[in-house]
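Trainee: Please take me through one part of this model closely, beginning with the place where a charged side chain meets an aromatic ring, and then show me how that part sits within the rest of the chain.

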Amino acid sequence: ATLAGGCCPGASRNRFAYNEAGQVRIRAGLPIYECNSRCRCGAECPNRVVQRGIRYDLCIFRTGDGRGWGVRTLQRIRKNSFVMEYVGEIITSEEAERRGQVYDRQGATYLFDLDYVEDVYTVDAAHYGNISHFVNHSCDPNLQVYNVFIENLDQRLPRIALFATRPIRAGEELTFDYNMHVDPVDAESTRMDSNFGLVGGSL
């Protein structure tokens, strides 16, 4: 199937999130539905972006201003391009509350509330994760959070994808806003535990 050919977003009455170049074209707060194993399209379908994983060369580095570790890109990133997924252990919000108290005492936490429709689950990247674990907070970030659904359509369990808000230069640090709320008019918000980034320094 092509973008016009009735892939899953059309079937679930949602707009296609990407243009032909794989750049996101819907506003943050709206869900992204990618094609999955039940679709007839192949791996190169333009509606398979997040599921292909990280496509840029990224690098973990030690920040010079006391913010601990950070992530920079080694390549230029085009605006609205998928950069990385925030991954970790999926736990209940009750367990997140318990772990959060421990993490607060340690001065570091990696809890990301999956509160797209209701606050039932949290992603904890402290023990299991990828390079997103090292991305720092900024109030003027170059990455934006989107809620993505692929194989699993349970709205309580979105996958968290980070897309470029603007063109990003090679060598530039990647950041997102841990306290971001996406369009509260739709009651669709994504926020990180407010103490998320206290590893090796303060926010």
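Mentor: A charge is taken to sit over a ring if NZ of Lys or CZ of Arg is within 6 Å of the ring centre and within 35 degrees of the ring normal. With that criterion in hand, and keeping in mind that this is a predicted model, we can start with Arg72, which lies over the face of Phe61 at 3.8 Å from the ring centre. There is another such arrangement to set beside it, in which the charged end of Arg62 sits over the ring of Trp69, 5.0 Å from its centre.

The backbone that carries these residues is a pair of strands: β2 (residues 58-62) and β3 (residues 69-73) run antiparallel and are joined by 5 bridges. Within this pairing, Leu58 stands opposite Thr73 in β3. The two strands form a hairpin with 6 residues between them, and in this hairpin Gly66 takes a positive phi near 80 degrees. As background, strands of a sheet pair through backbone hydrogen bonds, either parallel or antiparallel.

The hairpin leads us to Glu173, a residue that is found in the loop between β10 (159-164) and β11 (175-176). Leaving aside residues up to four places away in sequence, Glu173 touches Phe61, Thr63, Arg67, Gly70, Val71, Arg72, Asn136 and Asn142, and so both members of the pair with which we began, Phe61 and Arg72, are among the residues that Glu173 touches. The side chain of Glu173 makes a polar contact with the side chain of Arg67 at 2.8 Å, and another, at 3.0 Å, with the side chain of Asn136. Glu173 counts as buried because its relative accessibility is 18%, and the limit that matters for this step is 20%.

From here it helps to look at how other strands are put together. An open sheet is formed by 4 strands in the order β1-β9-β10-β4, with mixed pairing, and its edge strands are β1 and β4 (82-86), each of which pairs on one side only. Strand β10, the one that precedes the loop of Glu173, thus has its place in this sheet between β9 and β4. At one edge, β1 and β9 pair in the parallel sense over 2 bridges, and there Tyr33 stands opposite Phe149 in β9.

Aromatic side chains can be followed in this region too. The structure holds 9 aromatic pairs, and one of them is formed by Tyr33 and Phe149, which are stacked at 5.3 Å centre to centre with 20 degrees between the planes. This pair links distant parts of the chain, since Tyr33 belongs to strand β1 (residues 32-33) and Phe149 to strand β9 (residues 143-149), 116 residues apart. Phe149 is buried because its relative accessible area is 0%, and Tyr33, with a relative accessible area of 11%, is buried as well. A separate item to note is one aromatic cluster made up of Tyr18, Phe82, Tyr146 and Phe163.

Another hairpin deserves the same attention. Strands β6 and β7 form a hairpin with 6 residues between them; they run antiparallel and are joined by 4 bridges, with Leu111 opposite Asp124 in β7. Strand β6 is covered on both faces, for Leu111 and Asp113 on one side and Phe112 and Leu114 on the other are all buried.

These strands also meet a helix: what covers the buried residues of α2 includes β5 (89-92), β6 (111-114) and β7 (121-124), and the buried residues in question are Ser93, Ala96, Arg99, Gly100 and Tyr103. Helix α2 (residues 93-106) has 14 residues, which at 1.5 Å a residue should span 20 Å, and its end C-alpha atoms are 19 Å apart, which agrees. Just after α2, Gly107 takes a positive phi of about 80 degrees.

Finally, for the chain as a whole, the secondary structure comes to 2 helices and 12 strands. Of the 203 residues in the chain, 50% are buried, and residues 24 or more positions apart account for 66% of the contacts with a separation of 6 or more.

Key. Residues are numbered from 1 along each chain as its sequence is written. This is a predicted model: local features need pLDDT of at least 70, side-chain atom pairs count only at pLDDT 80 or more; totals for chains, interfaces and linings use all residues. Side-chain values use heavy atoms; hydrogens and water are left out. Buried means under 20% relative accessible area, exposed over 50%, partly exposed in between (1.4 Å probe, protein chains only). A polar contact is a pair of N or O atoms within 3.5 Å; within protein, one must be able to donate a hydrogen and the other to accept it, and residues adjacent in sequence count only if both atoms are side-chain atoms. Contact means heavy atoms within 4.5 Å. Rings of Phe, Tyr and Trp (its six-membered ring) pair if their centres lie within 6.5 Å; planes under 30 degrees apart count as stacked, over 60 as edge-to-face and the rest as tilted. The expected span of a helix is 1.5 Å times one less than its number of residues. Two strands pair if DSSP finds at least two bridges between them.
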